[in-house]
Structure formats: structure tokens, C-alpha cells
Amino acid sequence: MRTDLRFGVIGWGYWGPKIARNLDGLSNASVVMVADLDQRRLASIVANQPWIKTTTSIQDVLASDVDGVVIATPVRTHYALAKEALLQGKHVLVEKPLTASVAEAEELVALAHDMKLTLMVGHTFEYSPAVNELRKLVQSGDLGKIYCVEAERVNLGLFRSDINVIWDLAPHDVSILLYLFGKTPKHIKVQAHAHIQPNICDVAHLDLEFEGDMSAHIHVSWLHPCKIRRVTVIGDERMVVYDDTNPSEMIKVYNKGADVHADPVVSYRYGAITIPHIDWMEPLRLECEDFANAIITGEKPRANGEVGLAVVRVLERAQEALQQQERSIPMATTAEESTVSSR
Ligand SMILES: NC(=O)c1ccc[n+]([C@@H]2O[C@H](COP(=O)([O-])OP(=O)(O)OC[C@H]3O[C@@H](n4cnc5c(N)ncnc54)[C@H](O)[C@@H]3O)[C@@H](O)[C@H]2O)c1
């Protein structure tokens, strides 16, 4: 079994170099080739990492002896590039969202399965130690019955012109929700507005209803003065705030709540706030480790193709909800669609 893995990276914009740095940092992997359609993007590699081959043709990468490829290009290109890479026998890590449609994602999942290759999606937050701490709290029952979740991912920009803010930012929050609770929503309602570019919404609110009377609200925006990356989980025993912008106190558990009594009607509980210690590792490093490990062992990575498909299902329904006047349509109905497989 080979343990020295060689990788190609397709797309050298904002995110491609970050994945490459983390892959290269693994003891058993190296990035040997990078492709970008834009020759100017490759200049920094030629100058600083001359041992990495550069090319403007993705065929050069796919025809080479690399074991796996990373696709860090715009969303509309994910499906075609990933399909070609799988057909050429390469293991594939595609950036989020996996594809621009459910049909495309289903095809990639089936193809990877038939070819016995790893298909993984860049759901970076599923690898965040803070999100994993939050998941432990949720799944241990420590928070009690979960009433609702509020997720906020807002900042000024980065505006994209090929996709709206739902397809750009909500994949993170949807993947976090599915990872925390292991189920997909039953209903979705969307309200969104395009303020800066015509017909490309830059502010969106998604309301998701889950089985068991749990709801979640996702607010994503490119038009906000502050950078907020926060998920609040409200349980009937405890409440948790996960703030990704506060490295020393990413998770705060509030021993607070409201109880219903006959008289007075509602009483409040105020207790201590605890801040669990989190052993920090860069999520992208853990994601790259999982990709390499999946290639070596043949095991499914955590953010596998099916997980990517489950997120695209929610995004596609959200897009449909956005286009419908009443903006509320049912989600998955079959048992298969309503479960999420992750390790
Ligand atoms: N996981 C995360 O936290 C995270 C963060 C940022 C971006 N992303 C994802 O990464 C992907 C890329 O985003 P970005 O911000 O780096 O975009 P970007 O526009 O900065 O870079 C994209 C690059 O791809 C190149 N490109 C376009 N089509 C190509 C093709 N067919 N073949 C080869 N190269 C091609 C462009 O020339 C450009 O250099 C997107 O899917 C985005 O959603 C993920």
C-alpha cells in the first residue's frame, strides 16, 4: 500500500493555496502539480515553489501520476472537473458546495462508488475542533431537548458574481447543522434580497424545520459591517454559543433556561457559564489528513460525497423556495433522503 501520496490542485485563487499548504504539511503527502486557467495566478508558485509543476491545462494534472486532486475552482465548474478526474482514476476533494445541483452530486457519488475512489467535499467546519465539541454537547444530551438553532455568517463581502450568498456561505452552516444533528430538514422557508448586484441575493434568511419540533435559522450576508461566525444552540437544559471569531472562548455553555410552571407561568434559571478547553488544530489540516487517510485505507472520509449531496439537496430546495412566492416547500420525505452518513 502506498503511503507517499502525490496531489494535484486545480484552481489557484483564494482557497487553493490554503489547501495546498495543509496537504503539503502532511508527513505522507506532497503537492506536485497545480493547474489554473489564468497563467498569472501561477506566477507565485513559479517564483516561490519551483519544484511544483504548473500548467494552464487540467489535462496535464489528470494525465499525471498524482493519486488525488483538489478542485478549488468556482462552483459551476465542480461537477465537470470532478467527473473528469474520477474517470481518470483520481481520488477527488471538491470544494464546497460539492456541485451546483442535486443531479450532478448524485452522479458524482455514484461514479466514485463504481470507480472505488474517494470523493470528498470541503466542509471544513466539520473538522473544526470547536464544532466537534459542540456536537459532543448536543449528542450527549447535556443540553436537553434542542428547541432551536441560530446560525449567523455575515461580513462585508466577498461578493461573488457567479453564485448567490446562499450557495456561497450557507453550505457551511447547513453542513454544520447536518453534522450536529445527523438529519436533514423537513421544510425550508427562505427570504432573500439582492441589493448590490441584480438578481444575485446578498442577504438571505433560511428557516429550516426538523423532525422533533426543532427549528434552525440561518442568516448569511455579504452586506454587513461586522464579521460574525456564530452558531447558538438552545436546549431546554442548557444553551451554547459557538463563536468562531473568538479563538480563546469558541464554545460557551450557558447553564440558563426558562421553565414552565403554573404560577408564575415562566420561571428563569441562571447558572454558571463554562468554557470547555479545546485542543486546537487547524480544521483544514484535519480535513486534508482525512482525505489522505481515506485514500490510503479506503475508508469513507467524514465529509464524504453523500454528505456533500445532502447539503446540496438543502441548497437546491432553498433555491426553489426562494423562487416560489410563498417561499416554503417540503424537504425530504424518504428515509434515505432524511439521514446523513458520516463517520
Ligand atoms: N471551505 C472553505 O472555507 C472555503 C473558503 C473559500 C472558498 N471555498 C471554495 O473554494 C472554491 C474556490 O473559491 P476561491 O475563493 O478560491 O475562488 P477564486 O475565484 O479566488 O479562485 C478560483 C480559481 O479557479 C481558477 N479557475 C476557474 N475555472 C477553472 C478551471 N476550469 N480550471 C482551472 N482553474 C480554474 C480561476 O482562474 C481562479 O484562480 C469555491 O468552490 C469556494 O466555494 C471554500
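This tour moves from the two domains to the interface between them and ends at a few aromatic rings.

The model is predicted, so that local features need pLDDT of at least 70 and side-chain atom pairs count only at pLDDT 80 or more, while totals for chains, interfaces and linings use all residues. Residues are numbered from 1 along each chain as its sequence is written, and side-chain values use heavy atoms, with hydrogens and water left out.

Begin by colouring domain 1 (5–117) and domain 2 (129–281) separately; these bounds come from an automatic or database domain assignment. The C-alpha centres of the two domains lie 31 Å apart.

Next, select the interface, where 7 residues of domain 1 are in contact with 6 residues of domain 2, contact meaning heavy atoms within 4.5 Å. Domain 1 and domain 2 bury about 530 Å² between them, 67% of it on carbon and sulfur atoms, where buried area is the accessible area (1.4 Å probe) that two parts lose on being put together, summed over both. On the domain 1 side, show Val 75, Lys 96 and Pro 97, which lose the most area to domain 2 and together make up 68% of what that side buries.

Staying at the interface, display Arg 76 and Asp 162, whose side chains meet in a salt bridge (3.4 Å, N to O). The rule, a side-chain nitrogen of Lys or Arg within 4 Å of a carboxyl oxygen of Asp or Glu, finds 2 salt bridges across this interface.

Finally, turn to Tyr 179, where Arg 135 lies over the ring face at 4.0 Å from the ring centre, and then to Phe 125, whose face has Arg 153 over it at 4.5 Å from the ring centre. A charge sits over a ring if NZ of Lys or CZ of Arg is within 6 Å of the ring centre and within 35 degrees of the ring normal.
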